[in-house]
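Colleague: Hey, could you walk me through this fold? I'm still new to reading structures.

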Amino acid sequence: MEVQYPILRTYTVFCIDQVEAVIAKLVKQPFTRQAQMITWMPTVDPGAYDPPCLQSLWYRLLDNGDAWYLNCNVRFRSNDAWGASFMNLFGLTHFNRTLV
């Protein structure tokens, strides 16, 4: 089993590219609520000293009448408000731009 971070695009025992799966799900069903990615690996992370803080990303396409918006809900296990918040927001913004 290969373990690398970020694991959203890493092929592991689950053999799935989560980014491509989310994009395909949203293309096929724009109103789906099933477009999710997770970073938690139940076979590795429960015993890890420092498991990923970012736990999941949930995407929806919202129709505003004249435009579509990509909505992303993010769940963190832990977030260092002073030391990591800015970089987490920057990283998620950059990641979501590549997703669009």
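Modeller: Sure, one term to begin with: two strands pair if DSSP finds at least two bridges between them. Helices (H or I, at least four residues) and strands (E, at least two) are DSSP runs, numbered from the N terminus. As for where this comes from, it is a predicted model, where local features need pLDDT of at least 70, side-chain atom pairs count only at pLDDT 80 or more, and totals for chains, interfaces and linings use all residues. Residues are numbered from 1 along each chain as its sequence is written, and side-chain values use heavy atoms, with hydrogens and water left out.

Colleague: OK, so how many bridges join E2 to E3?

Modeller: E2 and E3 are joined by 9 bridges and run antiparallel. One of the pairs is Leu-57 with Val-74 in E3, and Leu-61 stands opposite Leu-70 in E3.

Colleague: And what's in the hairpin of E2 and E3?

Modeller: There are 4 residues between the strands, and Gly-65 takes a positive phi near 90°.

Colleague: What about E1 and E2, how many bridges there?

Modeller: E1 and E2 pair over 4 bridges, again in the antiparallel sense. Ala-35 stands opposite Tyr-59 in E2.

Colleague: So what's the order of the strands in the sheet?

Modeller: It's an open sheet of 3 strands, in the order E1-E2-E3, with antiparallel pairing. E1 and E3 are at the edges with a single partner strand each, so one side of each has no neighbour in the sheet. On average, neighbouring strands of this sheet are turned by 15° against each other, direction ignored. Axes are lines fitted to C-alpha atoms, for helices over the stretch in contact, and angles run from 0 to 180 degrees between N-to-C directions.

Colleague: Switching to helices: which strands does H1 lie across?

Modeller: H1 lies across E1, E2 and E3, and runs at about 170° to E1. H2 also lies across E1, E2 and E3, running at about 140° to E3.

Colleague: Which residues of H1 are buried?

Modeller: Gln-18, Val-19, Val-22 and Leu-26 are buried in H1, which spans residues 18–28. They sit on the same side of H1, because they cover an arc of only 110° around the axis. The arc is that of the directions from the helix axis to the C-beta atoms. Buried means under 20% relative accessible area, exposed over 50%, and partly exposed in between (1.4 Å probe, protein chains only). On the other side of H1, Val-27 and Lys-28 are exposed.

Colleague: Why would residues point the same way?

Modeller: An α-helix has 3.6 residues a turn, so residues three or four places apart point the same way.

Colleague: And what do the buried residues of H1 pack against?

Modeller: They pack against E1, E2, E3 and helix H2 (85–99). Contact means heavy atoms within 4.5 Å.

Colleague: Is Gln-18 buried or exposed?

Modeller: Gln-18 is buried, at a relative accessible area of 14%. A polar atom of the Gln-18 side chain is 2.8 Å from the backbone nitrogen of Ile-38. A polar contact is a pair of N or O atoms within 3.5 Å; within protein, one must be able to donate a hydrogen and the other to accept it, and residues adjacent in sequence count only if both atoms are side-chain atoms.
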